[in-house]
Amino acid sequence: MHLNLVNLETESRNMKTTNIDILSTEEILHLINEEDATVASCVNKVIPKITELVDEIVKAIKNGGRLFYIGAGTSGRIGFLDAAECPPTYGVSYDLVKGIIAGGYSALYKAKEGSEDDYNLAELDLKAESFNSRDILIGIAASGRTPYVLGALAYAKSTGAITGSIACVSNSKIGKVSDYPIDVITGQEVITGSTRMKAGTAQKLILNMISTTTMIKLGKVYGNLMVDLNPTNEKLVARAIHFIEEATSCSTQRAQTLFEESGQCVKTAILMELTNLSKDEANQLLEKNDQILKNAINNFNK
């Protein structure tokens, strides 16, 4: 079947770059950079839509649900990347934010483009993850029409779960079937149809915004410090100790001691220093305040 893509903004020809193949290396790079610079303003226009979706994600997670990203090709890889970054950055379970890509894990590094055309495949992939009504699904497709993603959204809705979508065209098909659609119009690509460029950049920016804001709302950040980071290597241990110093104005040596005494938990260490509580007492106070450090400190000082 022949697909008519002519009306999709992502497939239209960019008249600013029709001679890109005869430009110098530096001229090509400037042209790409100029087009990339337009993406952030495109994302800015859909912040109200992102806001609505993030608020639903926070509610779902607080209710015991999980966040799923699903897509094919570049869109699937970007979703997978954002999901993979959440556990080390915010100390959450690897089951809390999950990426699913058409064609399975190997499609992350070896393209399986044909799998995106299988409408029914996503249902099997979601069932394999025990997707249920408490979870929330975000379908990602630059073209807004990928059958695999459409199938995923349909199945998610059949379970009673809330759905969102991210597309880079007007009136996207996935947007029409999701509860919280985000259609960010990035326009024509530098190379016609190469949606890993401006469209992919917009998707990455939006997913960064979604996961970061969600984690802030869940108490994973104190000020702008990642107080629930998972210190699994030397760099992250050094970062954790630095965060304790920053939050409490204590010495490096004291921060190192607190880091160890707290069980290598930045949030607990900070609370111990600011309240003079023991590790167990600090953890109990955090538990009473839904693990939100600022609330624990404020309630202790009342």
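Trainee: Ser262 sits in the loop between H10 and H11. What makes this stretch a loop between helices?

Mentor: Happy to start there. Helices and strands here are DSSP runs (H or I with at least four residues for helices, E with at least two for strands), numbered from the N terminus. Ser262 falls between H10 and H11. A word on the source: this is a predicted model, where local features need pLDDT of at least 70, side-chain atom pairs count only at pLDDT 80 or more, and totals for chains, interfaces and linings use all residues. Residues are numbered from 1 along each chain as its sequence is written, and side-chain values use heavy atoms, with hydrogens and water left out.

Trainee: Why does Ser262 count as buried?

Mentor: Buried means under 20% relative accessible area, exposed means over 50%, and partly exposed is in between (1.4 Å probe, protein chains only). Ser262 has 3% relative accessibility, so the residue counts as buried.

Trainee: What makes the pairing of Ser262 with Phe259 a polar contact?

Mentor: A polar contact is a pair of N or O atoms within 3.5 Å; within protein, one must be able to donate a hydrogen and the other to accept it, and residues adjacent in sequence count only if both atoms are side-chain atoms. A polar atom of the Ser262 side chain lies 2.9 Å from the backbone oxygen of Phe259, so the pair meets the cut-off of 3.5 Å.

Trainee: Which residues beyond its sequence neighbours does Ser262 contact?

Mentor: Contact means heavy atoms within 4.5 Å. With neighbours within four places in sequence set aside, Ser262 is in contact with Thr268, Ala269, Met272 and Lys279.

Trainee: Why are H11 and H12 called roughly perpendicular?

Mentor: Packed helix pairs are described by the angle between their axes and the distance between the axes. Axes are lines fitted to C-alpha atoms, for helices over the stretch in contact, and angles run from 0 to 180 degrees between N-to-C directions. Under 35 degrees counts as roughly parallel, over 145 as roughly antiparallel, 65 to 115 as roughly perpendicular, and the rest as oblique. H11 and H12 (residues 279-288) pack at about 110°, with axes 9 Å apart, and are therefore roughly perpendicular to each other. Lys267, Thr268, Leu271 and Met272 in H11 meet Lys279, Ala282, Asn283, Leu285 and Leu286 in H12. That contact has 5 nonpolar, 2 polar and 2 charged residues, where Ala, Val, Leu, Ile, Met, Phe, Trp, Tyr, Cys and Pro count as nonpolar, Asp, Glu, Lys and Arg as charged, and the others, Gly among them, as polar.

Trainee: How do you know what span to expect for H9?

Mentor: The expected span is 1.5 Å times one less than the number of residues. H9 (residues 234-248) has 15 residues and reaches 21 Å from its first C-alpha to its last, close to the expected 21 Å. Buried residues of H9 include Leu236, Phe243 and Ile244, and the buried set packs against S6 (221-222), S7 (225-226), H10 (252-261) and H11 (266-275). At the start of H9, a side-chain oxygen of Asn233 comes within 3.2 Å of the backbone nitrogen of Lys235.

Trainee: Is Cys168 buried or exposed, and how do you know?

Mentor: Cys168 has a relative accessible area of 0%, so the residue is buried. Cys168 lies in the loop between S4 (162-167) and H7 (173-177). Beyond four places in sequence, the contacts of Cys168 include Thr10, Ala141 and Gln203.
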